[in-house]
Amino acid sequence: MNETALTVHQTARPHGYPTAEHFAFVESTLPEPAAGGALVENLYWSVDPYHREMMDDVPGGFVLDAPLEGRTIGRVIASRTPQLAEGEIVFHRQGWRTHSVVTPQEIRRLPRFEGVPLTAYLSTLGGTGLTAYVGLTRIARLQEGEDLFVSAAAGGVGTATGRFARLLGAGRLVGSAGSAGKADHLVRGVGYDAVFDYHDGPAADLLGKVAPDGIDVFVDNVGGEQLAAAIGALRTFGRIVRVGTISQYNTPDAPAPLFDHADIVEKSLRMEGFLVSNYRDVQEELYDFAVPHLQSGRLVPDETVVDGFEGIVDAFLGMLRGENTGKIIVRDRTQTRP
């Protein structure tokens, strides 16, 4: 067992894109659990777009010069409670650190399904997959045969949305991505019918080419120009699922998207945002839906895995620059051994 622990702290508020200088790795002695708690050696870490929002001075945001939080899977290595056995694998939110002290109330036990890797609980079966599933089934209420547009389709939520939409019987499935290579992967590997590189021109023109007959549902991870384009392309009774606004996370002063507000009324459109934390009761339903498809191979987790906790900051910054395909996960080097 390592006798030291590493945590990541945020040291300053960014203006625009964050850099490695906004973070620090802090070494300390291995923490000891108090009575009623347990020490967890973390094995897998999730870095997510919402972490960028938490870097700002906002309610509930990251506290400077203190350990950060994030979704994590680890193994109990020392316990002072009968409710947590040593060797047990648990999910918790005290990430961005190699070791965490938790109580039974702060963890979630993960069901183990044959053939399903642990990383899936941070991607397809985790908050990323739950976001996609809730967006399609609760917010959009997707119906079989309906046509879908997904922005940032190569990201974690975008790839999960595409794969889930196919399983739910969606009609034409189109998306946007940040490169021709990603667009090609989404069509060949994920199941999209057509994907455009948003760098190639005005979003309205690009969307019009891949969805000339319009769309029924827009799953929006980006906001900005692509949101405006989708509003123009939506058919009567179309729905907009607002997941995130990644285009504005690092450019908060960017102007709001311009669109014809009359479209909302004339086409009876509905726009709704949501926080996946308000839908934790859907988790078991997600397992029931996704696990059989994972086991059969019909559903494949889209993951970019970075080895070594020392790479967690670079993994996060790379995600903000769009360097990943699917969900980005950091893996402890011990998990790479056969």
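This section describes the overall form, the strand pairing, the helix packing and selected residues of a predicted model.

The protein has 338 residues and a radius of gyration of 21 Å, which agrees with the value near 20 Å for a compact globule of that length. The C-alpha trace spans about 60 × 45 × 35 Å along its principal axes. The accessible surface comes to about 15,000 Å², and carbon and sulfur atoms account for 51% of this area. Of the 338 residues, 53% count as buried. Contacts that bridge long stretches of sequence are prominent in number: among those between residues at least 6 apart, 67% join residues at least 24 apart. The secondary structure amounts to ten helices and 15 strands.

Six of the strands form an open sheet with parallel pairing, in the order β10-β9-β8-β11-β12-β13. The edges are occupied by β10 (194-197) and β13 (270-273); each has a single partner strand, so one side of each lacks a neighbour in the sheet. From one strand to the next, the twist averages 15°. At the β10 edge, the parallel pairing with β9 (residues 173-177) is made by four bridges, and V174 has A194 of β10 as its bridge partner. Two helices are associated with this part of the sheet. Helix α3 (residues 156-167) lies across β8 (148-150), β9 and β11 (215-220), and runs at about 165° to β8. Helix α5 (residues 203-210) also packs on the sheet, where it touches β8, β9 and β10, and its direction makes about 160° with that of β10.

Antiparallel pairing is found elsewhere, in strands β3, β4 and β5. Strand β3 (residues 38-46) is joined to β4 by seven bridges, with E41 opposite R75 of β4. In turn, β4 is joined to β5 (residues 89-92) by four bridges, and here G74 stands opposite V90 of β5. Strand β4 thus has antiparallel pairings with both β3 and β5.

Helix α2 (residues 127-139) is largely enclosed by the rest of the structure, because eleven of its 13 residues are buried. The buried set consists of G127, T128, G129, L130, T131, A132, Y133, V134, G135, L136 and I139. One of these residues, L130, is touched by Q283, which also touches R108 and L125 when residues up to four places away in sequence are not counted. Q283 is found in helix α9 (residues 283-296) and is itself buried, with a relative accessible area of 10%.

Aromatic contacts were examined next. The count comes to 14 aromatic pairs. In one of them, the ring centres of F25 and F309 lie 5.9 Å apart and the planes stand at 85°; the pair is therefore edge-to-face. This pair links distant parts of the chain, since F25 belongs to strand β2 (residues 23-29) whereas F309 lies in the loop between β14 (303-307) and α10 (312-320), 284 residues apart. The two residues fall into separate accessibility classes: F25 is partly exposed at 39% relative accessibility, while F309 is buried at 5%. In addition, F23, F62, W96 and F316 form one aromatic cluster.

The backbone was also considered for positive phi values. Most residues other than glycine have a negative phi. Against this background, D65 has a positive phi of about 60° although it is not a glycine. D65 is placed in the loop between α1 (50-54) and β4 (72-79), and its relative accessible area of 53% makes it exposed. F237 likewise has a positive phi, near 65°, in a residue other than glycine. In contrast to the loop position of D65, F237 is found in strand β12 (residues 234-242); at 57% relative accessibility, F237 counts as exposed. A further positive phi, near 50°, occurs at R141, which follows helix α2.

Terms used:
Residues numbered from 1 in each chain as written. Predicted model: local features only at pLDDT ≥ 70, side-chain atom pairs only at ≥ 80, totals over all residues. Heavy atoms only, no water. Buried < 20%, exposed > 50% of the residue type's maximum accessible area, 1.4 Å probe, protein only. Contact = heavy atoms within 4.5 Å. Pairing = 2+ DSSP bridges. Axes fitted to C-alpha atoms, helices over the stretch in contact; angles between N-to-C directions. Rg over C-alpha atoms; globule rule 2.2 N^0.38 Å. Areas by Shrake-Rupley, 256 points an atom, 1.4 Å probe, with all protein chains shown as cover. Phe/Tyr/Trp six-rings, centres within 6.5 Å; stacked < 30°, edge-to-face > 60°.
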